[in-house]
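Visitor: I have a model open on my screen and I keep meeting labels on it. Could you walk me through where they come from?

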Amino acid sequence: MSDDAPSAATTAVATDADAGVGVGVGRGGTHILVVGDTFVDVAAGPLSEMPPWGHAVVSPDPIRALPGGCALNVASSLSRLCSGRTAALYSGIGNDAFGAIPRRHLNQLGVQLHAASCDDPDAPTGVCMVVSGPHDRSLIFHSGIADRFDAKGLPRERLQAMCAAGLRHLHVSGFYSCAALRQDLPRLLRDARACGLTTSLDPNHDPTGEWARVDGLWDEILPLLDVLLPNELEALALADTAPTPATVAASDEAAASAATVTSADGGSDGGASAALLPGANDAAARLEAAVELLAAQTGGGCVAVSYTHLTLPTIY
């Protein structure tokens with residue numbers, strides 16, 4: 001979704017071209033590099049009901065084109081929370097009219113943009129049409145360059161130079177919106193940790209429903225994370241689709257004994273899996289087991305869950 005909160009900051013954005021040497025760390029020092037998606041949200045509503053095919057409805061509020069995307073929102077929020085150029089953004093933004101919207105937004109906040117490229121110089125900016133109603137919303141999106149840029153613009157040498165200039169953490173957001181980036185993510189995370197950076201990942205929603213099965217890389221990515229940041233539905237979906245991890249048996253005994261993993265067909269190998277605390281069926285216990293399972297596989301053993309959909313006690 002969009003990030004359209006006002007900002008008093010007017011510092012000019014420093015792009016890769018402005019940086020000259022390719023390090024591109026702001027004058028105040030970039031401490032967090034956010035890697036992931038940028039979208040433009042075209043928002044209409046709230047509508048009392050969706051129009052049927054062949055009909056039209058009037059949006060009661062103006063239809064707006066707003067800067068959005070999970071990674072852009074994180075970088076923008078960090079810039080508001082912290083003084084100076086604390087956060088920078090590595091993302092793909094098209095050279096089109098829609099691309100001017102997030103660029104202008106980042107410029108106003110003083111968030112440094114490391115513009116990623118892809119094999120198509122005419123790849124458009126990702127756009128999401130958001131139609132809201134009284135209680136829910138529907139989304140129609142085209143990923144554009146968000147699905148096509150990779151991490152080749154962040155080789156280890158560049159990360160080392162950024163670390164020397166003050167970089168301390170690498171955060172990945174919009175994981176399921178960035179197909180090409182996902183393929184290069186294990187390499188990027190290994191390089192980040194080799195440079196002494198801590199790492200985190202917010203998976204966000206997977207519209208394909210594949211979750212941990214997507215790309216077959218989840219077991220490779222999880223151990224490279226210090227912190228995994230799903231909401232409760234994402235945590236459950238990831239645990240339910242993850243292959244039975246050998247790392248659970250070899251990890252912390254308490255975490256391993258807290259989760260029992262069974263495949264979809266009732267066997268112990270292959271297929272989807274479900275994590276449940278032994279003898280417990282309520283939602284809170286199931287979530288606790290899912291988090292234990294995921295934490296056992298992360299490099300730092302930390303999973304922070306945000307509660308946005310279920311009414312659950314704060315158990316972590």
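Guide: What follows is a chat about how some labels on this predicted model are earned.

Visitor: Let's start with the cysteines. How do you know that Cys195 is in no disulfide?

Guide: The sulfur of Cys163 is the nearest cysteine sulfur, and it sits 4.8 Å away. A disulfide needs the two sulfurs within 2.5 Å, so this pair doesn't qualify. In fact, the structure holds zero disulfides.

Visitor: And why is Cys195 called buried?

Guide: Its relative accessibility is 19%. Buried means under 20%, so Cys195 counts as buried.

Visitor: Cys163 came up too. What makes the buried residues of H4 fall on the same side of the helix?

Guide: H4 runs over residues 156–164, and its buried residues include Arg158, Leu159, Met162 and Cys163. They cover an arc of only 140° around the axis, so they share one side of H4. As a rule, an α-helix has 3.6 residues a turn, so residues three or four places apart point the same way. Glu157 and Ala164, on the other side of H4, are exposed. After H4 comes Gly166, with a positive phi near 125°.

Visitor: On to the strands. Why is E4 described as mostly covered?

Guide: Six of the six residues in E4, which spans 87–92, are buried. That goes for both faces: Ala87, Leu89 and Ser91 are on one side, with Ala88, Tyr90 and Gly92 on the other.

Visitor: How do you know that E4 pairs with E1 and with E5?

Guide: Count the bridges, since a pair needs at least two. E1 (residues 32–36) and E4 share four, in the parallel sense, and Val34 stands opposite Leu89 there. E4 and E5 (residues 112–116) are joined by five bridges and also run parallel, with Ala88 opposite Gln112. Helix H3 (residues 100–109) joins in as well: E4, H3 and E5 make a right-handed β-α-β unit.

Visitor: What makes E5 and E13 the edges of the sheet?

Guide: The open sheet has seven strands in the order E5-E4-E1-E8-E9-E10-E13, with parallel pairing. E5 and E13 each have a single partner strand, so one side of each is left without a neighbour in the sheet. For E13 (302–303), that edge position comes with a pairing to E10 (residues 227–228) over two bridges. Two is what a pair needs, so E10 and E13 qualify. Leu228 stands opposite Val303 in that pairing.

Visitor: In which sense do E6 and E7 pair, parallel or antiparallel?

Guide: Antiparallel, with six bridges between E6 (residues 126–132) and E7. Cys128 has Phe141 as its bridge partner in E7, and a hairpin of four residues joins the two strands.

Visitor: Now the loop between E9 and H6. Why is Asn204 called buried, and why is His205 called exposed?

Guide: Both lie in that loop. Asn204 has a relative accessible area of 14%, under the 20% limit, so it is buried. His205 comes out at 55%, and exposed means over 50%, so it counts as exposed. Asp215 belongs to the loop too; its 34% falls between the two limits, so it is partly exposed.

Visitor: What makes the phi of Asn204 worth a mention?

Guide: It is near 65°, a positive value in a residue other than glycine. Asp215 also has a phi near 65°. In general, most residues other than glycine have a negative phi, and most peptide bonds are trans. Speaking of peptide bonds, Gly45 and Pro46 are joined by a cis one, with omega about 5°. Pro46 lies in the loop between E2 and E3.

Visitor: Last one: which residues are closest to the centre of the largest pocket?

Guide: The pocket has a volume of about 900 Å³. Of its 31 lining residues, Cys70, Arg137, Leu139, Asn204 and His205 are the closest to its centre. E2, H2, E7, H5 and H7 each supply at least two residues of the lining.

Visitor: And how many cavities of 30 Å³ or more does a search find?

Guide: One. The largest cavity has a volume of about 30 Å³, and its lining includes Asp215, along with Phe175, Arg182 and Trp218.

Definitions and conventions. Residues are numbered from 1 along each chain as its sequence is written. This is a predicted model: local features need pLDDT of at least 70, side-chain atom pairs count only at pLDDT 80 or more; totals for chains, interfaces and linings use all residues. Side-chain values use heavy atoms; hydrogens and water are left out. Buried means under 20% relative accessible area, exposed over 50%, partly exposed in between (1.4 Å probe, protein chains only). A crossover is right-handed if, with the strands pointing away from the viewer, the path from the first strand over the helix to the second runs clockwise. The arc is that of the directions from the helix axis to the C-beta atoms. On a 1 Å grid over the protein atoms alone, a cavity is a set of points where a 1.4 Å probe fits but cannot get out, and a pocket is an open set with protein on both sides within 12 Å along at least five of seven lines; lining residues have an atom within 4 Å of a point. Grid points are joined across faces, edges and corners, and a volume is the space filled by probe spheres set on the points.
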